[in-house]
Amino acid sequence: MTRAFALHLGVLRAVLRRMFASKLAGFLNILVIGIALSLPAGMYMLLQNAQGLVAQLSDAPQISLFLEMNAKAEDVDRLHQQLAQHPAVAGVGFVARAQALEQLKQSTGLSDLISGLEQNPLPDAFVVHPKPGDAQSLDRLRGELAKLPGVKEAQLDSAWAYKLEALLKFGRMGVLILASLLSLALIAVTFNTIRLQILTQHDEIEVAKLIGATDGFIRRPFLYFGATQGLLGGIMAWFIVTVSLLLLNGQLGALAQLYASQFMLHPLSFGDSLSLLLFSVYLGWLGAWLSVARHLSQIGPR
Amino acid sequence: MISFNQVHKRYPGGYEALKGVSFDIAEGEMVFVTGHSGAGKSTLLKLIAAIERPNSGSVLVNNQNVGALKGGALPYLRRNLGIIFQDHKLLFDRSVFDNVLLPLQICGFDHRESAKRVRAALDKVGLLKREKANPIALSGGEQQRLCIARAIVNRPAILLADEPTGNLDADYAREIMAIFSSFHQVGATLLISTHDESVLQDSGVRRLILKEGVLQ
């Protein structure tokens, strides 16, 4: 076990030595991989942030029912019961018009203005919490509730959040397409790097085969090279994304202050970072494997 | 140890290198394969290492039909053979030491044991002082001896040498032959191809004479 480990370590050491022997070419490869991966990773990060924002705002979609100004107490009670028994409704809260005015005073700082009003301009209202459903079923419910007697208007508060959610889905598909294409680019870069290496090590491979090297032995350093290059490319991508985030957050801080908001972009989570690295290692390995499978058999003997 | 039975080898293009060759070599025997260039000497050696495969007939090494070996088994056959190639096949991107180390790396020896064996092999061929040199800096005779060191470092039971004295002057050739004799004395089986008459004189060694692919 330890001997096998030492062998693999030896291969890895040789691979790293080879990688650092050609500093510029190696660095350029890693940079290309890093940039290729940073685009989808960065977009993914932005989407995650938007996603978080949406989740915060549309946590529980609710429908506000505003009643006629002249609604009587018994009508209100009847409506209350009707709503509570409705199969698509999870809960109902009643906001009396006086209470609503009080809330408005406290929350907006317009108390002086409001106190000056001759009469309360606000109607009685129900806040309906629907059972979870998609945007369409919520909209249907809203239409249904709007037609109830005594109801003047029904507003679905989080309709825009659903639209944003749909937009995010669109964005995620875009990221997926971009990630697939750039993954292919990464595989191609590795494929070509390994192809060149195999060409320059033609003699070594031939001799090794002649004196009893297994295919695994010959393949191993190339696979390690591909995986290591992928890993370094992934780390490069992570740094590109993270540094960009810091730069953006610097500007965003000033912008958010103007809107009296605390909004900041969150960096890639630990799990996402790990996924990024594992994925880039895997792609490097795959590119190397394809290249080795394609080119090794061309070097004799069998 | 090595047994050919009615072996035919025809290369693509129709050239017949070996025509119905049969012979046996016992364990610990030393045998010369002689004949003019193109007589099939190299082909004969390549068949033993399964670098080429016979069109018909069988080649047995250690009672194993090497012509029928699957690709995955070839490396393990070749590890039992020490091969000295006609064109040396030395690697010029590494030192003398590392050239000899390669077979041990392939077999997965640990570092300390490998270094010991490499130095022992280099000592046997008189190259111990040149271990840090690049093979390109060695003379023809030294390169040939390096080749031998690489072939024996793994202590194979069978040594195959293809024209080991090919381009060497008589003194170097005698030196090389002396090294082979010493391996023979410690029990290795040797098969050496040569067209060099000078090394064949006065040796009472068994000879396989090939003429246009036929054993005389």
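# Briefing on a predicted model of chains A and B

In chain B, strands β1(B) and β2(B) form a hairpin in which five residues lie between the two strands, and B:G13, placed in the turn, has a positive phi of about 110 degrees. The structure is a predicted model, and every value below is computed from it. Chain B is made up of seven helices and 10 strands, whereas the secondary structure of chain A comes to 10 helices and four strands.

**Overall form of chain B**

- With a radius of gyration of 17 Å, close to the 17 Å that the globule rule gives for 216 residues, chain B is as compact as a globular protein of that length.
- Taken along the principal axes, the box filled by the C-alpha atoms of chain B is roughly 45 × 40 × 35 Å.
- Of the 216 residues in chain B, 41% count as buried, and among the contacts in this chain with a separation of 6 or more, 70% are between residues 24 or more positions apart.

**Overall form of chain A**

- Along the sequence, the helices and strands of chain A follow the pattern α-α-β-α-β-α-α-β-α-β-α-α-α-α.
- The radius of gyration of chain A is 31 Å, while a compact globule of 302 residues would have one near 19 Å.
- The C-alpha atoms of chain A fill a box of roughly 100 × 40 × 35 Å along the principal axes.
- Buried residues account for 25% of the 302 residues in chain A, and residues 24 or more positions apart make 84% of the contacts in chain A with a separation of 6 or more.

**The sheet that contains the hairpin**

- In chain B, four strands form an open sheet with antiparallel pairing, in the order β2-β1-β4-β5.
- The edge strands of this sheet are β2 (16-25) and β5 (64-65) of chain B, each of which pairs on one side only.
- Within the hairpin, β1(B) and β2(B) run antiparallel and are joined by six bridges; in one of the pairings, B:R10 has B:E16 in β2(B) as its bridge partner.
- Strand β1 (residues 2-10) of chain B is also joined to β4(B) by five bridges, again with the strands antiparallel, and here B:N5 stands opposite B:S58 in β4(B).
- Strand β4 (residues 56-61) of chain B is connected to β5(B) through two bridges, and these strands run antiparallel; the bridge partner of B:V61 in β5(B) is B:Q64.
- As background, the strands of a sheet pair through backbone hydrogen bonds, either parallel or antiparallel.

**Domains of chain B and the contact between them**

- The domain assignment of chain B gives domain 1, covering 1-80 + 158-216, and domain 2, covering 90-156.
- The C-alpha centres of domain 1 and domain 2 of chain B lie 23 Å apart, and the contact takes 12 residues from domain 1 and 11 residues from domain 2.
- On the domain 1 side of this contact, the elements of chain B that give two or more residues are β7 (158-162) and α6, with α6(B) supplying the largest share, five residues.
- By class, the side of domain 1 of chain B that touches domain 2 has eight nonpolar, two polar and two charged residues.

**B:I176 in helix α6**

- Helix α6 (residues 170-185) of chain B contains B:I176.
- B:I176 has 23 other C-beta atoms within 10 Å, and since 20 or more are needed for a residue to count as buried, B:I176 is buried.
- When its neighbours within four places in sequence are left aside, B:I176 is in contact with B:Q144, B:R145, B:P164, B:T165 and B:L168.
- B:I176 and B:F23 are 153 residues apart in sequence, and their C-alpha atoms are 26 Å apart in space.

**The contact between chains B and A**

- The contact between the two chains takes 14 residues from chain B and 15 residues from chain A.
- On the chain B side, α2 (74-79) and α3 (96-107) each supply at least two residues, and the largest share, four residues, comes from α2(B).
- By class, the side of chain B that touches chain A has eight nonpolar, two polar and four charged residues.

How values were computed:
Residues are numbered from 1 along each chain as its sequence is written. Chains are lettered from A and ligands numbered from 1 in the order in which they are written. This is a predicted model: local features need pLDDT of at least 70, side-chain atom pairs count only at pLDDT 80 or more; totals for chains, interfaces and linings use all residues. The radius of gyration is taken over C-alpha atoms; the globule rule is 2.2 Å times the number of residues to the power 0.38. A residue is buried if 20 or more other C-beta atoms lie within 10 Å of its own, exposed if 12 or fewer, and partly exposed in between; C-beta atoms are placed from the backbone. Two residues are in contact if their C-beta atoms, placed from the backbone, lie within 7 Å. Ala, Val, Leu, Ile, Met, Phe, Trp, Tyr, Cys and Pro count as nonpolar, Asp, Glu, Lys and Arg as charged, and the others, Gly among them, as polar. Two strands pair if DSSP finds at least two bridges between them. Domain bounds come from an automatic or database domain assignment.
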